[in-house]
Amino acid sequence: MSETAADTAQRSLEHWSEAGRAEMEAFYALATEDYRQLAAAADWPALLGAQARDGWRLLDVACGSGKFPAALLRHTDLSALPPVQYDLLDPSDFSVREAKAQLRPPFVPGAELVVTLQDLPPGDPYEVVWATHALYALPPAELPAAAERLLAARREGGVGVVAQATARSHYLAFYDAYRAGVRDATPYTSAEQVRDALRGAGADVREQLLTYTTGTADRAVAEGFLQRCAFDDSVGLDAMEAAPALGDYLAGCRDDAGAWTFSHEVALLWF
Ligand SMILES: C[S@@+](CC[C@H](N)C(=O)[O-])C[C@H]1O[C@@H](n2cnc3c(N)ncnc32)[C@H](O)[C@@H]1O
């Protein structure tokens, strides 16, 4: 088992970069579905409309490349909403630039906060705070601090939501198998851990579960997606399939015709 690569949070930061663009695009060949599912999971125009007021603000935590606002703009009708200041938080300045380029009315680019969530300084709270498929690389040991910051960032009476895969879902199960078979590392943070940390910080959390599958019969597409799932493009699909634990996991994702199906269970944690 190789031990040379950086740990999870550092690999995440290295791959959310211009150098990681091709790998990121390969990942979203399948993962765009994650955001279509989120856009369909709630009545976002009504939820956001209930918060709208003069000078209202929204914080996107771990904004990545802005797939969630892009999905909302594409799949829902936000045209009745007044402009909202859309602040972007991410430790990767590449991510902040990518997400900013996705914003269209009613989302008006606001502050660019190039920090981790756990290092977010106190400030004026927001009407809306969300973190969508965002907190996997946040080290579990730093979750209590991160949950406190998340809760403090949401105005009393505002809307907060985290969308995160559960421990049995593909992203977590795959990474556990990768850690067992290829390279040890800090595990990804699960929805259950985020929920417990939010409750520990005093939040009243309501859970909503989404289940769906993504898949492909194309080996190159599967390889690109899976490499990004581990932030590791040094291990090809052949090597993944030959690795202990990971090989078994991937065999379990294949049907008789050889196509891959990945099973997702995502919790929306409303607070
Ligand atoms: C999968 S992306 C998030 C997707 C995004 N919400 C969207 O709508 O496209 C994960 C992001 O989390 C960021 N990230 C990693 N660790 C973080 C931390 N501790 N705090 C905040 N963001 C973090 C990464 O830099 C990356 O941009």
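## Around the ligand and along helix H9

A polar side-chain atom of Gln 118 sits 3.0 Å from a nitrogen atom of the ligand, and that is a good place to begin a walk through this predicted model. Two backbone contacts join the picture. A polar backbone atom of Thr 132 lies 2.8 Å from a nitrogen atom of the ligand, while for Ala 62 a polar backbone atom is 3.2 Å from a ligand nitrogen. On its own the ligand has 600 Å² of accessible area, and the protein covers 94% of that. Altogether 23 residues surround the ligand, and those that come nearest are Lys 67, Phe 68, Asp 90, Ser 95 and Thr 132.

Thr 132 also leads us to the next stop, since strand S4 spans residues 126-132. In the loop between this strand and helix H6 (143-153) you will find His 133. This histidine has a positive phi of about 45°, although it is not a glycine. Another backbone feature appears between Pro 105 and Pro 106, where the peptide bond is cis and omega is near 10°. Pro 106 belongs to the loop that runs between helix H5 (93-100) and strand S3 (107-113). Both features are worth a look, because most residues other than glycine have a negative phi and most peptide bonds are trans.

Now let us turn to the helices. Two packed helices are described by the angle between their axes and the distance between the axes. Helix H2 (residues 21-40) packs with helix H9 (residues 219-229) at an angle of about 110°, and their axes are 8 Å apart. Since angles of 65 to 115 degrees count as roughly perpendicular, H2 is roughly perpendicular to H9. On the H2 side the contact is made by Glu 23, Met 24, Ala 26, Phe 27, Ala 29, Leu 30 and Ala 31, and on the H9 side by Val 221, Gly 224, Phe 225, Gln 227, Arg 228 and Cys 229. By type, these residues divide into nine nonpolar, two polar and two charged.

Helix H9 has a contact with helix H7 (residues 170-181) as well: here the angle is about 80° and the axes are 10 Å apart. H7 is therefore roughly perpendicular to H9. His 170, Tyr 171, Phe 174 and Tyr 175 of H7 meet Phe 225, Leu 226 and Cys 229 of H9. In this contact six residues are nonpolar, one is polar and none is charged. If you follow Phe 225 and Cys 229 in the structure, you will see them take part in the contact with H2 and in the contact with H7.

Terms used:
Residues numbered from 1 in each chain as written. Predicted model: local features only at pLDDT ≥ 70, side-chain atom pairs only at ≥ 80, totals over all residues. Heavy atoms only, no water. Axes fitted to C-alpha atoms, helices over the stretch in contact; angles between N-to-C directions. Helix = DSSP H or I, 4+ residues; strand = E, 2+ residues; numbered from the N terminus. Parallel < 35°, antiparallel > 145°, perpendicular 65-115°, else oblique. Contact = heavy atoms within 4.5 Å. Nonpolar A, V, L, I, M, F, W, Y, C, P; charged D, E, K, R; others polar. Near = heavy atom within 4 Å. Polar contact = N/O pair within 3.5 Å; in protein donor to acceptor, adjacent residues only side chain to side chain. Areas by Shrake-Rupley, 256 points an atom, 1.4 Å probe, with all protein chains shown as cover.
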